[in-house]
Amino acid sequence: ANRIAFDKTILRGVKEKVQRGLLPQWAFTDEDIYRAEVANIFSKTWNFLGHESEIEKPGDYVTRWIVHDPVLLLRDENGQIQAYLNSCTHRGTKLCTADFGQKKTFTCPYHGWTFNLAGDLIGIVAGNRVYGEEMDRTQWSLRKIPKVSSYCGMIFGSLDEHAEPLEDFLGDMKWYFDIMLGRSDAGMEVRGVPQKWIINTNWKISADNFGGDPYHTAMSHRSTVELGISPKDPMYASYGHQVVLDNGHGINMCTAAKDRADVPPYQGLPPEMWPMFKRNLSAEQLDVFEKTMIMVGNCFPNLSFVSPMHGTGGPDEPLTSFVNFRVWRPVGPTKIEVTSWFMVDKEAPESFKQASYLSYIGSFGPAGTLEQDDAEIWTRVAETTHGTMAQDKDVHYNNALNYLMGLDRVEPDLTWPGPGTAYPTCYLDAISRAFYEHWVDSLLQDADVPTGVL
Ligand code: FES
Ligand code: FE
């Protein structure tokens, strides 16, 4: 896919605003912006597809999407991970229609062509009679997703064969992924099938919320504090560090309490697991992990995560941590399909795994309390963005939204032991500003000109 050229004058104006902490409201839902995002961002970058534990054995498969490209992700006979375009090479229908399963071959529901785990076309209904021996079947293998790579069990795919290596793309986010996903000897497992639901909003609204908006918790999620299923202090999401990372990524390492003495070590994970953390993390990672209660952030463009502590039993019940990753898959300018993975350390005791799953379901599962709070608000942001006034692109008209928090007011904490630029508060718009700056820079990248055309 070639990049598409977009009206650069308008985009340069957006960039100049974003650097001053302002975002034109129309940019959330504009249709030209959406098309440019699909071509210049999602078709170029690394997109999260799934976790290795979802496809452990040869023949295990899941079906996913990279925005509008259907993906069949599987483990082949050699134990290698493969990702194919989930579209039959005969007439294009979706080859595999299930969400997940175990198969040695995939037979197309349209005319019955059959492919093996290596993507080879191995069966054609009435084959020799209708095509003869002369049709070269090797020309009709499944099309591969150009690049597939993993980090800490997290499998990503890119539609651009020239995409930079995954580890370069993740950059300093790897240091924080190690804490969330690489702390245990055997890594993480996805429990249950990832849940999916639709929200009528734009993908940037949710990515920006998880990435850079701990500020909203004091209002949006206030009722969960009162119910005793979130940390006790209504300002809980303000304490700690907001860390701006490269490539538009960002993470908030919240302590959730003013006093470090009130922070349970290692998010309340069972003490028998702690020696394992010491084995797998550096001294700096261990120190940060011990003092952190909530990790929440966004891996550009649309892979968000939250590892908080919540409860289901009310004020007298303890809070339990969990790890939740989610993709905000755009299916249009104002619609996203959320896929949400619950993950837990493979070696955690079963009792912890169950408590952790309940904590997730009650808070950030599809019917979770905090999830409902957020989805409702994000829907209304998209709703208010359709109007004539919000869509006004006149640079002199002030329709910009406010991303000014902490701009030129909060200095980085140079004692922060991890990578990135860390600020000593999570009530800050620094990640959001960096997210939108990276976003607009990606849109502004020059269109690829196919060689030989000019
Ligand atoms: Fe798949 Fe015809 S479209 S066999
Ligand atoms: Fe929220």
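Donors are N, O and S atoms within 2.8 Å of the metal; water is not among the atoms, so a site may look incomplete. The close-up views below are all taken from a predicted model.

**View 1. The iron ion (ligand 2) is coordinated by two histidines and one aspartate.** The donor atoms are NE2 of His216, NE2 of His221 and two OD atoms of Asp374, at 2.1 to 2.3 Å from the metal. Angles subtended by these four donor atoms run from 58 to 144°, which makes the arrangement irregular. A tetrahedral assignment would need all angles to lie between 85 and 135 degrees. Along the sequence, the donor residues follow the spacing H-x4-H-x152-D. His216 sits in the loop between helix H6 (203-212) and helix H7 (217-220), whereas Asp374 belongs to helix H12 (residues 369-384), so the pair ties together parts that lie 158 residues apart in sequence.

**View 2. Two of the iron ligands, His216 and Asp374, seen for their burial.** Are these side chains buried or exposed? His216 has a relative accessibility of 14% and therefore counts as buried. Asp374 is also buried, with a relative accessible area of 2%. The cut-off for buried is under 20% relative accessible area.

**View 3. The largest cavity, with His216 in its lining.** Seven cavities of 30 Å³ or more are counted in the model. The largest cavity holds about 180 Å³ of space. Its lining is made by 18 residues, and those nearest the centre are His216, Thr217, Val296, Val306 and Phe364. H6, strand E16 (294-299) and H12 are the elements that give two or more residues to this lining. His216 thus appears both here and among the residues that coordinate the iron ion (ligand 2).

**View 4. The largest pocket, lined in part by H12.** This pocket has a volume of about 520 Å³. It is lined by 21 residues, with Asp208, Asp213, Val381, Asn402 and Tyr403 closest to its centre. Two or more lining residues come from each of H6, H12 and strand E22 (400-402). H12 gives the largest share, five residues.

**View 5. Strand E20 (residues 323-332) and its antiparallel partners.** Nine of the 10 residues of E20 are buried, so this strand is largely enclosed by the rest of the structure. How many bridges join E20 to strand E17 (residues 303-307)? Four bridges do so, and the two strands run antiparallel. In this pairing Val306 stands opposite Asn324 of E20. Val306 is also one of the residues nearest the centre of the largest cavity. Strand E21 (residues 335-345) is joined to E20 by nine bridges, again in the antiparallel sense. E20 and E21 form a hairpin, with two residues between them. Among the pairs of this hairpin, Pro330 of E20 stands opposite Ile336 of E21, and Val323 has Met343 as its bridge partner.

**View 6. Strand E21 and its pairing with E12 and E13.** Of the 11 residues of E21, 10 are buried, so the strand is largely enclosed by the rest of the structure. Strand E12 (residues 188-190) pairs with E21 in the antiparallel sense over three bridges; here Met188 stands opposite Asp345. Strand E13 (residues 195-199) is likewise antiparallel to E21 and is joined to this strand by five bridges. In that pairing, Lys196 stands opposite Thr339.

**View 7. Cysteines Cys88 and Cys152.** A disulfide is a covalent bond between the sulfur atoms of two cysteines. The structure holds zero disulfides. Cys152 is in no disulfide, and the nearest cysteine sulfur, that of Cys299, is 12 Å away. A disulfide would call for a pair of cysteine sulfur atoms within 2.5 Å. With a relative accessibility of 26%, Cys152 counts as partly exposed. Cys88, by contrast, has a relative accessibility of 3% and counts as buried.

Technical notes. Residues are numbered from 1 along each chain as its sequence is written. Chains are lettered from A and ligands numbered from 1 in the order in which they are written. This is a predicted model: local features need pLDDT of at least 70, side-chain atom pairs count only at pLDDT 80 or more; totals for chains, interfaces and linings use all residues. Side-chain values use heavy atoms; hydrogens and water are left out. Buried means under 20% relative accessible area, exposed over 50%, partly exposed in between (1.4 Å probe, protein chains only). Two strands pair if DSSP finds at least two bridges between them. Donors are N, O and S atoms within 2.8 Å of the metal (3.2 Å for Na, K and Ca); water is not among the atoms, so sites may look incomplete. Four donors count as tetrahedral if all angles lie between 85 and 135 degrees; four count as square planar and six as octahedral if opposite donors are over 155 degrees apart and all others between 65 and 115; anything else is irregular. On a 1 Å grid over the protein atoms alone, a cavity is a set of points where a 1.4 Å probe fits but cannot get out, and a pocket is an open set with protein on both sides within 12 Å along at least five of seven lines; lining residues have an atom within 4 Å of a point. Grid points are joined across faces, edges and corners, and a volume is the space filled by probe spheres set on the points.
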